[in-house]
Structures are given as C-alpha cells and as structure tokens.
Amino acid sequence: MTTQELANRYYKLFTQRQVADIYQQLYSADIICTEPEHALAMGVPTITKGIEAVLAKSKARMELIAEVHSFFSSEPVVGGDYFSIAMGRDMTLKNGQRLQLAEIAVFGVKDDRIVTETFFY
C-alpha cells in the first residue's frame, strides 16, 4: 500500500468515525505518538510508545467526552512517507466544559503502517 492509499484509508475511516478500525488496520505495534508540551496541562503525556499505550490514552480521552456536537477532517496531504490531516471537534466534556479543538496531525508511514503520529494544537 502506498502512503497515499494508506492516507486515503485513514481519511475514509476517520470521517466514518471508525477510529478502532484505524488503530487495528493501519497502526504499527511500535507506534510513537507525540503531543505538544502544553498537553501535559490537560493530563495528556507528550510521548506515548506502543499501540497498547496509544489505545489506553485514546480510551481515557474519550471517557472525558459527554457529547461531540460536530467534527471535521481535511483530506490528507501526502509528502514522501508522511501525510497530514487537519481535524477538529466541537464537544462538551463530562465536567460541562464546551471545547472546540482544532489540530494538525502528521503521520509517518513505514512498511504499510503508521509508525509515528505528531499532533499540533
């Protein structure tokens, strides 16, 4: 699978909100996820290594959300072994706080799998 094909598959699954399928089908077991430094203030680690840890982080974040009002995703932009997507959500957290989050995600691809993901928000 080319990087473009993998990026297109990611986009299709993401827009269908099939995030579990993205992790299962497209991520390497050795994935490395990098979040910005200010994520620490929200209780999010800046570096997460391995699919199990990434899944646990994702689950913990989803448990904070009471309702997603809307979400968006741009189509992927591919450059070499990387692709990026702009994405965001308008959501209400379980603590009652309404939050609009917009970010750019950059994914590194090797051997038909996503091996790195870096978020900018």
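Here is a walk through this protein, from its overall build down to its core. Keep in mind that you're looking at a predicted model.

Let's start with the parts list. The protein has three helices and seven strands. Going from the N terminus, the order of elements is α-α-β-β-α-β-β-β-β-β. Lay a box along the principal axes, and the C-alpha atoms fill roughly 40 × 25 × 25 Å. A compact globule of 121 residues would have a radius of gyration near 14 Å, and the protein has 14 Å, so the two agree. Buried residues make up 36% of the 121 residues. Now take the contacts with a separation of 6 or more: 46% of them are between residues 24 or more positions apart.

Next, the strands, with strand 5 (residues 82-93) as our guide. Strand 3 (residues 65-73) runs antiparallel to strand 5, and seven bridges join the two. To find one of these pairings, look for I65, whose bridge partner in strand 5 is L93. Strand 4 (residues 77-79) is also antiparallel to strand 5, this time joined by three bridges. Here V77 has S84 as its bridge partner. Strands 4 and 5 make a hairpin with two residues between them, and in the turn G80 has a positive phi of about 60°.

Keep following the chain and you reach strand 6 (residues 98-110), which pairs with strand 5 in the antiparallel sense over 11 bridges. D90 is a handy landmark, since its bridge partner in strand 6 is Q100. This is another hairpin, with four residues between the strands, and G96 takes a positive phi near 95°.

Now for the helices. What are the buried residues of helix 2? They're I22, Y23 and L26. Seen down the helix axis, these residues fall within an arc of 110°, so they line one face of helix 2. Turn to the face pointing away from that buried side and you'll find the exposed residues A20 and Q24. The cover over the buried residues of helix 2 includes helix 1, strand 1, helix 3 and strand 7.

Helix 3 (residues 51-62) lets us do a quick check on length. At 1.5 Å a residue, its 12 residues should span 16 Å, and the end C-alpha atoms are indeed 16 Å apart. Its buried residues are I51, V54, K57 and S58. They cover an arc of only 125° around the axis, which puts them on the same side of helix 3. E52 and K59 are exposed, and they sit on the face turned away from the buried side. Among the elements covering the buried residues of helix 3 are helix 2 (19-26), strand 1 (27-34), strand 2 (47-49) and strand 7 (113-120).

Finally, let's go inside. The largest nonpolar core has 21 residues, and the ones with the most contacts inside it are Y10, L26, Y27, F83, F107 and I114. Helix 1 (3-15), helix 2, strand 1, helix 3, strand 5, strand 6 and strand 7 each supply at least two residues of this core. The largest share, five residues, comes from helix 1. You've met L26 already as one of the buried residues of helix 2. For a close-up, pick I114: which residues does it contact, leaving aside its neighbours within four places in sequence? I114 is in contact with L6, Y10, L26, Y27, S28, I31, F83, F107 and G108.

Terms used: Residues numbered from 1 in each chain as written. Predicted model: local features only at pLDDT ≥ 70, side-chain atom pairs only at ≥ 80, totals over all residues. Heavy atoms only, no water. Pairing = 2+ DSSP bridges. Expected span 1.5 Å × (residues − 1). Buried < 20%, exposed > 50% of the residue type's maximum accessible area, 1.4 Å probe, protein only. Arc of directions from axis to C-beta. Contact = heavy atoms within 4.5 Å. Core = buried A, V, L, I, M, F, W, Y, C linked by side-chain atoms within 4.5 Å. Rg over C-alpha atoms; globule rule 2.2 N^0.38 Å.
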